[in-house]
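Student: I have a structure open and want to go through some of its contacts. Can we take it piece by piece?

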Amino acid sequence: MKLGYTDKQRAFRAEIREWLATHVPKTPLASYDTPEGFAQHRAWEHTLFSGRWSMVTWPVALGGRGCDLIEWLIFEEEYWRAGAPLRVNQNGVFLLGPTLMDFGTEEQKQRFLPRIASGEAVWAQGWSEPNAGSDMAAIRCKATRVGDEYVINGQKIWSTRAVWADGLFGLFRSDPDSQRHHGLTFLLVPLQTPGVTIRPIRQLNGQAGFAEVFFDDVRVPVANRISEEGAGWHVAMATAGFERGLMLRSPGRFQATAHALVNLYRKNRVKADRDPAVRDAVVRAWMDAEAYALATYATASRIQRGGSIGAEASTNKIFWSELDQQMHETAMHILGAAAELLPEAPDAGDVGHWLDGFLFAQAGPIYAGTNEIQRNIIAERMLGMPRG
């Protein structure tokens with residue numbers, strides 16, 4: 001594959017690099033899984049919006065730049081290279097936003113998208129339930145139509161950012177007699193609505209990165225429904241495609257980690273070379289990160305020529321989630337005992353972020369659909385293998 005850039009693309013890269021050099025906070029923000037850090041990251045989202053960098057692929061009229069996917073990949077490479085803050089509103093910007101672009105009415109786009117882009121509205125995802133994790137077709141949380149409203153009763157769990165988020169988008173069973181993926185409706189639920197109860201779920205690092213959300217006669221206007229009643233499964237599968245395919249985990253993220261891993265190896269080379277497998281793992285991490293980037297550029301180019309993301313999104317999801325784990329496991333091996341230090345530890349220095357990354361990487365093969373389920377999708381839909 002030959003990867004080259006036009007003069008326009010090179011100028012775009014220079015523009016974003018210059019802007020980030022000026023605006024990226026010099027001091028790292030607190031974790032967005034804390035009240036202080038959440039507020040800081042929301043403010044950063046607004047800073048991005050002020051420069052129209054919040055979501056570059058969105059139309060100019062909605063706060064974006066109207067960029068194509070190649071320019072988005074360039075932006076992501078520069079964003080991660082600059083060490084810019086993590087995106088607290090990634091569910092809204094990368095998942096709900098594209099879903100609204102494809103399925104929302106013009107009124108809904110005008111009502112929701114600018115507030116997402118500016119960070120004014122941060123969104124959580126409401127897929128999983130206690131008995132419906134990767135198997136979303138088992139969703140039981142009910143949304144009963146009453147006039148111009150839906151009355152919601154039930155529970156969602158493992159909702160990322162829901163502790164301090166403003167809204168939740170998710171699937172709800174609107175037809176009580178339906179089975180599996182039929183009779184589901186995609187709704188947007190403000191989390192300040194009466195009847196909503198949010199209970200934080202602590203992560204491995206003790207911070208409340210997730211929540212379980214309970215709905216007791218929660219009333220949501222029909223105007224918050226995306227697409228038609230009962231069409232939720234189709235809408236959600238498109239959203240899952242954004243999550244597994246391109247938008248949620250860009251190659252720039254893993255290229256930045258691979259680059260940091262190479263630097264970590266060089267700083268600790270004498271100790272690391274006691275195990276020859278470490279150097280091989282570092283080289284493999286760099287190669288795999290570059291391979292993922294090239295594959296994503298190829299996918300983006302195909303989409304711009306009129307193609308689409310199909311079941312192969314599952315291969316992407318498996319690849320990047322396992323790559324992330326492997327890179328952080330290699331870093332833990334290089335660091336030895338120092339790998340156990342959290343960023344706030346007095347002696348952590350510049351290595352504490354590796355433990356945070358390692359802990360988060362363990363969730364990669366689970367969220368966005370477990371890798372076991374993704375392998376089933378690949379077997380059935382890409383390879384044509386029969387069900388077991």
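Student: Start with Lys8: buried or exposed?

Tutor: This is a predicted model, so keep that in mind throughout. Lys8 has 61% relative accessibility and counts as exposed, because the cut-off for that class is over 50%.

Student: Which residue does Lys8 pair with in a salt bridge?

Tutor: Lys8 pairs with Glu71, and their closest N and O atoms are 3.8 Å apart. The two are 63 residues apart in sequence, with Glu71 in helix α3 (residues 69–81) and Lys8 in helix α1 (residues 7–23).

Student: And Glu71, buried or exposed?

Tutor: Buried, at 6% relative accessibility. The pair therefore joins a buried Glu71 to an exposed Lys8.

Student: How many salt bridges does a search of the whole structure find?

Tutor: The count is 19. One of them is between the side chains of Arg375 and Glu322, at 2.8 Å from N to O. Arg375 is in helix α12 and Glu322 in helix α10 (residues 313–335), so this pair ties together parts 53 residues apart in sequence.

Student: What is the accessibility of those two?

Tutor: Arg375 is at 40% and counts as partly exposed. Glu322, at 26%, is partly exposed too.

Student: Which residues are joined into one network by shared partners?

Tutor: Arg13, Arg17, Glu77, Glu78 and Arg81 are joined through salt bridges that share partners.

Student: Glu77 rings a bell. Which residues does Gln255 touch?

Tutor: Leaving aside residues up to four places away in sequence, Gln255 touches Glu77, Ala289, Glu290 and Ala293. With Glu290 there is also a side-chain to side-chain polar contact, at 3.1 Å.

Student: Where is Gln255, and is the residue buried or exposed?

Tutor: Gln255 sits in helix α7, which covers residues 251–267. At 16% relative accessibility Gln255 counts as buried, since the limit is under 20%.

Student: New topic, domains. How is the chain divided?

Tutor: Into domain 1 (7–87), domain 2 (123–230) and domain 3 (249–383).

Student: What does the interface of domain 1 and domain 2 look like?

Tutor: Seven residues of domain 1 contact eight residues of domain 2. The buried area is about 670 Å², and carbon and sulfur atoms give 51% of it. On the domain 1 side, Asp33, Phe38 and Arg42 lose the most area, together 67% of what that side buries. The C-alpha centres of the two domains lie 29 Å apart.

Student: How many salt bridges and polar pairs cross that interface?

Tutor: There are two salt bridges and three residue pairs in polar contact. The domain 1 residues touching domain 2 divide into three nonpolar, two polar and two charged.

Student: You listed Asp33. What does its side chain meet?

Tutor: The side chain of Asp33 meets that of Arg161 in a salt bridge, 2.7 Å from N to O.

Student: Where is Arg161, and what is its phi?

Tutor: Arg161 lies in the loop between β3 (149–156) and β4 (167–173). Its phi is near 70°, a positive value in a residue other than glycine. Arg161 counts as buried, at 6% relative accessibility.

Student: What about Asp217?

Tutor: Phi of Asp217 is also positive, near 50°. Asp217 lies in strand β7 (residues 210–221), and at 53% relative accessibility counts as exposed.

How values were computed. Residues are numbered from 1 along each chain as its sequence is written. This is a predicted model: local features need pLDDT of at least 70, side-chain atom pairs count only at pLDDT 80 or more; totals for chains, interfaces and linings use all residues. Side-chain values use heavy atoms; hydrogens and water are left out. Helices (H or I, at least four residues) and strands (E, at least two) are DSSP runs, numbered from the N terminus. Buried means under 20% relative accessible area, exposed over 50%, partly exposed in between (1.4 Å probe, protein chains only). A polar contact is a pair of N or O atoms within 3.5 Å; within protein, one must be able to donate a hydrogen and the other to accept it, and residues adjacent in sequence count only if both atoms are side-chain atoms. Contact means heavy atoms within 4.5 Å. Domain bounds come from an automatic or database domain assignment. Buried area is the accessible area (1.4 Å probe) that two parts lose on being put together, summed over both. A salt bridge is a side-chain nitrogen of Lys or Arg within 4 Å of a carboxyl oxygen of Asp or Glu. Ala, Val, Leu, Ile, Met, Phe, Trp, Tyr, Cys and Pro count as nonpolar, Asp, Glu, Lys and Arg as charged, and the others, Gly among them, as polar.
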